[in-house]
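Q: Please take a close look at a single strand of this model and at its surroundings. A connected account is requested, with values where they are available.

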Amino acid sequence: MLQAFKPYSPVCLQYNSFMLKPTEKIWHNGSFIPWDEAKIHVLSHTVSYASAVFEGIRCYHTPSGPAVFRLREHVRRMVDSAKVYRMDIPFPIDTLADAMVELVRVNKLESCYLRPIALRGYGEMGVLGIKNPTEVYIACWEWGQYLGSEALAQGVDVCISSWKRIAPNTLPALAKAACNYMNSQLIRMEAHTNGYAEGIALDEAGYVSEGSGENIFVIRDGKIHTPPLGASVLPGITRDSVIKLAQEAGIPLVETIIPREMLYIADEVFFTGTAAEITPIRSVDRIQVGSGSCGPITEKLQKEFFSIINGTVPDRHGWLTRIPVGQPVTA
């Protein structure tokens with residue numbers, strides 16, 4: 001028997017109220033420039049053709065000072081994304097990683113969100129774009145919970161989107177590219193218009209793929225299921241972290257195709273992502289998930305995840321890159 005659906009909580013619809021708070025400096029092609037000088041020409045290739053790859057990375061406040069979560073893995077994914085699109089990033093991974101560390105230090109932030117972007121800039125006009133220069137920018141700013149301040153505990157209400165995820169051999173889902181997020185915008189806008197905090201897209205075959213900017217995990221009878229990379233999902237860094245934490249905790253986990261109706265009969269469902277972190281889903285298409293709140297397995301994984309990133313337990317995986325105090329890092 002279906003459980004009665006609880007009314008929406010307004011907090012779940014306030015996720016998009018965060019405005020950018022400028023910081024002092026942005027890194028551009030090896031130099032620090034003022035925030036307001038980080039500009040591109042309106043005829044840059046990326047404006048017309050969405051030729052950009054990017055990352056989202058969090059830096060957390062810890063007892064030992066600010067620390068960036070899985071910095072190298074994020075930078076490597078950006079370089080991989082650029083490679084897929086035949087975009088040459090003119091800086092090695094070490095240089096980009098050091099630049100992000102130094103950017104946080106220069107801006108004197110205790111915690112923040114980092115956004116490195118590599119884009120095809122001003123030059124020739126036309127689809128090809130391979131002769132246009134590659135511009136690299138890195139910005140950071142303070143940013144709170146992506147899906148709402150209470151979402152981590154209460155969960156969010158989501159819907160199945162009418163928009164499918166990008167299909168194989170259309171756009172590469174493994175690349176975190178700007179063009180892919182036009183698909184994500186359609187998913188997110190539809191969900192917002194219909195009163196939901198987020199949407200879940202199905203893949204070309206009709207199986208569960210991911211949210212507009214989050215990976216998804218489904219729990220049934222103590223076992224965790226998550227869609228495989230072949231289901232048009234981004235290889236999430238937080239996704240990978242949760243898989244490792246579940247394995248350490250002895251929780252069965254399998255990467256497998258997930259039918260839509262599995263979301264309706266699941267005991268627990270949750271999102272993962274750099275912005276969303278680990279956010280429980282309390283209803284799908286107005287059908288309550290489990291008890292309608294954060295379930296025990298989700299809560300267990302949340303507790304372990306936040307203990308590591310907040311520095312209250314040892315960083316046994318080497319996931320945190322500390323921000324040095326005093327001496328600068330060469331960018």
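A: The account below takes up strand 7 and then turns to salt bridges elsewhere in the chain. The model is a predicted one.

Strand 7 comprises residues 134–141, and eight of its eight residues are buried. In a regular strand the side chains alternate between the two faces of the sheet. Here Thr-134, Val-136, Ile-138 and Cys-140 point one way, while Glu-135, Tyr-137, Ala-139 and Trp-141 point the other way. The residues of both sets are buried.

Strand 7 has pairing partners in strand 1 and strand 6. With strand 6, residues 112–120, the pairing is antiparallel and runs over eight bridges; within this pair, Arg-115 stands opposite Ala-139. With strand 1, residues 25–28, the sense is also antiparallel, and there are two bridges. His-28 has Tyr-137 as its bridge partner in strand 7.

Thr-134 belongs to strand 7 and merits separate treatment. Its relative accessibility is 16%, so Thr-134 counts as buried, the limit being under 20%. Beyond its neighbours within four places in sequence, Thr-134 is in contact with Asn-29, Met-87, Asp-88, Ile-89, Pro-90, Ala-118 and Leu-119. For Asp-88 there is also a polar approach: its backbone oxygen lies 3.2 Å from a polar atom of the Thr-134 side chain.

The loop that joins strand 6 and strand 7 contains Val-127. Val-127 has a relative accessible area of 66% and is therefore exposed, since this value is over 50%. Val-127 is also one member of a nonpolar surface patch, together with Ile-40, Val-42, Leu-43, Val-47, Tyr-49, Tyr-122 and Met-125. The accessible area of the patch as a whole is about 780 Å².

On the other side of strand 7 in sequence, Glu-142 forms a salt bridge with Lys-21, at 3.4 Å from N to O. Glu-142 lies in the loop between strand 7 and helix 4 (151–154), and Lys-21 lies in the segment before strand 1, so the pair ties together parts 121 residues apart in sequence. Glu-142 is partly exposed at 40% relative accessible area, and Lys-21 is likewise partly exposed at 49%.

This pair is one of 17 salt bridges in the structure. Side chains of opposite charge can pair when their charged atoms come close. Another example is the salt bridge between Asp-80 and Arg-76, at 3.9 Å from N to O. Asp-80 and Arg-76 are four residues apart in helix 2 (residues 71–84), and so about one helical turn separates them. Arg-76 is exposed, with 55% relative accessible area, whereas Asp-80 is partly exposed at 38%.

A further salt bridge joins Glu-210 and Arg-165, with the closest N and O atoms 2.8 Å apart. This pair links distant parts of the chain, 45 residues apart: Glu-210 is in strand 10 (residues 208–211), and Arg-165 is in the loop between strand 8 (156–160) and helix 5 (180–193). Glu-210 is buried, with a relative accessible area of 6%, and Arg-165 is buried at 6% relative accessibility. Arg-70, Glu-73, Asp-240 and Lys-244 are joined into one network by salt bridges that share partners.

Note on methods
Residues are numbered from 1 along each chain as its sequence is written. This is a predicted model: local features need pLDDT of at least 70, side-chain atom pairs count only at pLDDT 80 or more; totals for chains, interfaces and linings use all residues. Side-chain values use heavy atoms; hydrogens and water are left out. Buried means under 20% relative accessible area, exposed over 50%, partly exposed in between (1.4 Å probe, protein chains only). Two strands pair if DSSP finds at least two bridges between them. Patches are made of residues with over 30% relative accessible area and no salt bridge: like charges are joined within 9 Å, nonpolar side chains (Val, Leu, Ile, Met, Phe, Trp, Tyr) within 5 Å. Accessible areas come from the Shrake-Rupley method with a 1.4 Å probe; for residues, only the protein chains shown count as cover. A salt bridge is a side-chain nitrogen of Lys or Arg within 4 Å of a carboxyl oxygen of Asp or Glu. A polar contact is a pair of N or O atoms within 3.5 Å; within protein, one must be able to donate a hydrogen and the other to accept it, and residues adjacent in sequence count only if both atoms are side-chain atoms. Contact means heavy atoms within 4.5 Å.
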